[in-house]
Amino acid sequence: MLKEFKDFAMKGNLVDIAVGFVMGAAFNKVVASFTGGIVSPLIGLIFNADFKDLKYTLKEGTMNDAGEKVGEVAVLYGDFLTNVIDFIIVAFVMFMIVKGVNKMKKKEEPAPEAPAGPSQEELLAEIRDLLKK
């Protein structure tokens, strides 16, 4: 059973998928930091607030003794929009990578055509000429 597991784990496709998964997770962190550190502040300039902190308050909360808001009900659309932007960036980059890989793959060359022999008319003419002799 251990040998079967080793054979399964070392298959090329499985290793490729594992490498892609790790690279994707690392790339997602890069995109999240790009969105959180660069894109969100620029968009936040439009709203005069931190983009991730944008929310629509449905019910106001009260302040407790520690100075924290308690009981607030809000829709956190800024965080959602940040995640949507992250997804769009990752999806676009992955699209470009797949497009580049597909372009780099060698295009299958068409099989060479069989050498063209004499046509049916030529063969019949040759037979006719041989019969005349």
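In which helix is the place of T82? In this predicted model, T82 is found in helix α3, an element that spans residues 77–104. The account below proceeds from the overall fold to individual residues of this helix, and then to the surface and its charged pairs.

The chain contains 4 helices and 4 strands, arranged from the N terminus in the order α-α-β-β-β-β-α-α. The radius of gyration is 33 Å, well over the 14 Å given by the globule rule for 133 residues, so the chain is more spread out than a compact globule. Along the principal axes, the C-alpha atoms fill a box of roughly 120 × 50 × 25 Å. Of the 133 residues in the chain, 8% are buried. Among contacts with a separation of 6 or more, 38% are accounted for by residues 24 or more positions apart. The chain exposes about 11,800 Å², and 67% of this area is supplied by carbon and sulfur atoms.

Confidence in the prediction was examined for the chain and for its elements. The mean pLDDT of the chain is 80, with 91% of the residues reaching 70 or more. Among the elements, the lowest mean pLDDT, 76, belongs to helix α1 (residues 2–9). The highest, 88, belongs to helix α4 (residues 120–132).

Two residues of helix α3 were considered in detail. T82 has a relative accessibility of 1% and therefore counts as buried, the cut-off for this class being under 20%. When residues up to four places away in sequence are not counted, T82 touches T35, S40, F51 and K52. D86, also located in helix α3, has a relative accessibility of 9% and is likewise classed as buried. Apart from neighbours within four places in sequence, the contacts of D86 are V31, A32 and T35. T35 thus appears in the contact list of T82 and in that of D86.

Helix α2 comprises residues 12–47 and includes D16. With a relative accessible area of 54%, D16 is exposed, since the exposed class begins over 50%. Two C-alpha separations illustrate the dimensions of the model. D16 and A116, which are 100 residues apart along the chain, have C-alpha atoms separated by 45 Å. For T82 and K133, a sequence separation of 51 residues corresponds to a C-alpha distance of 91 Å.

A nonpolar patch of about 670 Å² is present on the surface. The residues that make this patch are Y56, L58, V73, V75, Y77, F80 and L81. At least two residues of the patch are supplied by each of β1 (56–59), β4 (73–75) and α3. The largest share, 3 residues, comes from α3. Helix α3 accordingly contributes to the nonpolar patch and also contains the buried residue T82. Within the patch, V73 belongs to strand β4 and is partly exposed, its relative accessible area being 40%.

Which side chains meet in salt bridges? Side chains of opposite charge can pair when their charged atoms come close. The count of salt bridges in the model comes to 2. One of them joins the side chains of E72 and K55, with an N to O distance of 3.0 Å. E72 lies in the loop between β3 (69–70) and β4, whereas K55 lies in the loop between α2 and β1, so the pair ties together parts that are 17 residues apart in sequence. Both partners fall in the partly exposed class, E72 at 27% relative accessibility and K55 with a relative accessible area of 35%.

The other salt bridge is formed by the side chains of R128 and D129, with an N to O distance of 3.4 Å. R128 is partly exposed at 46% relative accessibility, and D129 is partly exposed at 37%.

Conventions. Residues numbered from 1 in each chain as written. Heavy atoms only, no water. Buried < 20%, exposed > 50% of the residue type's maximum accessible area, 1.4 Å probe, protein only. Contact = heavy atoms within 4.5 Å. Patch = residues over 30% accessible without salt bridge, like charges linked within 9 Å, V, L, I, M, F, W, Y side chains within 5 Å. Areas by Shrake-Rupley, 256 points an atom, 1.4 Å probe, with all protein chains shown as cover. Salt bridge = Lys/Arg side-chain N within 4 Å of Asp/Glu carboxyl O. pLDDT = per-residue confidence, 0-100. Rg over C-alpha atoms; globule rule 2.2 N^0.38 Å.
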